[in-house]
Amino acid sequence: MEGLKGFQKKYLRGLAHSQKPLILIGQKGISSSLFKAIDEALEMHELIKIKFNEFKEKEQKKGVSGMIEKETGAEMIGMIGHTAIFYRQQKDAEKRKIVIPNR
């Protein structure tokens with residue numbers, strides 16, 4: 001998956017607007033089980049929200065988000081407050097739920 005363009009990210013942010021965060025990053029911090037849970041959520045939903053209960057500083061959130069992108073192969077679509085939106089296209093074309101527009 002190549003990087004998404006601005007209008008595609010905007011479209012995905014619109015889809016994510018009504019969703020609730022599926023993953024909460026809190027006291028336990030970052031662990032392999034956290035990455036596994038994120039990977040499973042992306043596999044099932046493609047587009048997920050992750051809420052930061054800890055790591056409230058902007059630089060901390062950027063660092064953790066970068067680690068999540070690297071470990072899961074997802075792309076961060078945006079961050080609003082303490083909530084980040086991630087997208088990873090389903091590998092199996094038949095299971096894809098989201099169709100990204102092209103220009």
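Visitor: Leaving aside neighbours within four places in sequence, which residues is Gln 90 in contact with?
Guide: This is a predicted model, in which local features need pLDDT of at least 70 and side-chain atom pairs count only at pLDDT 80 or more, while totals for chains, interfaces and linings use all residues. Residues are numbered from 1 along each chain as its sequence is written, and side-chain values use heavy atoms, with hydrogens and water left out. Gln 90 lies in the segment after S4. Taking contact as heavy atoms within 4.5 Å, its partners are Glu 43, Glu 46, Lys 95 and Arg 96.

Visitor: Is Gln 90 buried or exposed?
Guide: Buried means under 20% relative accessible area, exposed over 50%, and partly exposed in between (1.4 Å probe, protein chains only). The relative accessible area of Gln 90 is 7%, so this residue is buried.

Visitor: With which side chain does the side chain of Asp 39 make a polar contact?
Guide: Asp 39 is found in helix H2 and is partly exposed, with a relative accessible area of 33%. Beyond residues up to four places away in sequence, Asp 39 touches Thr 72 and Arg 88. A polar contact is a pair of N or O atoms within 3.5 Å; within protein, one must be able to donate a hydrogen and the other to accept it, and residues adjacent in sequence count only if both atoms are side-chain atoms. At 2.5 Å, the partner side chain is that of Arg 88.

Visitor: Which element gives the most residues to the largest nonpolar core?
Guide: A nonpolar core is a set of buried Ala, Val, Leu, Ile, Met, Phe, Trp, Tyr and Cys residues joined through side-chain atoms within 4.5 Å. The largest has 15 residues, and Ile 50 and Phe 86 are among those touching the most other members. Strand S1 (23–25), helix H2 (32–45), strand S2 (47–52), helix H3 (58–72) and strand S4 (83–87) each give two or more residues; helices (H or I, at least four residues) and strands (E, at least two) are DSSP runs, numbered from the N terminus. With 5 residues, the element that gives the most is H2.

Visitor: Which strands stand at the edges of the sheet?
Guide: The 4 strands form an open sheet in the order S1-S2-S4-S3, with mixed pairing; two strands pair if DSSP finds at least two bridges between them. Two strands have a single partner each, so one side of each is left without a neighbour in the sheet: S1 and S3 (75–80).

Visitor: How do S1 and S2 run, parallel or antiparallel?
Guide: Leu 24 stands opposite Lys 51 in S2. S1 and S2 are joined by 3 bridges, and their direction is parallel.
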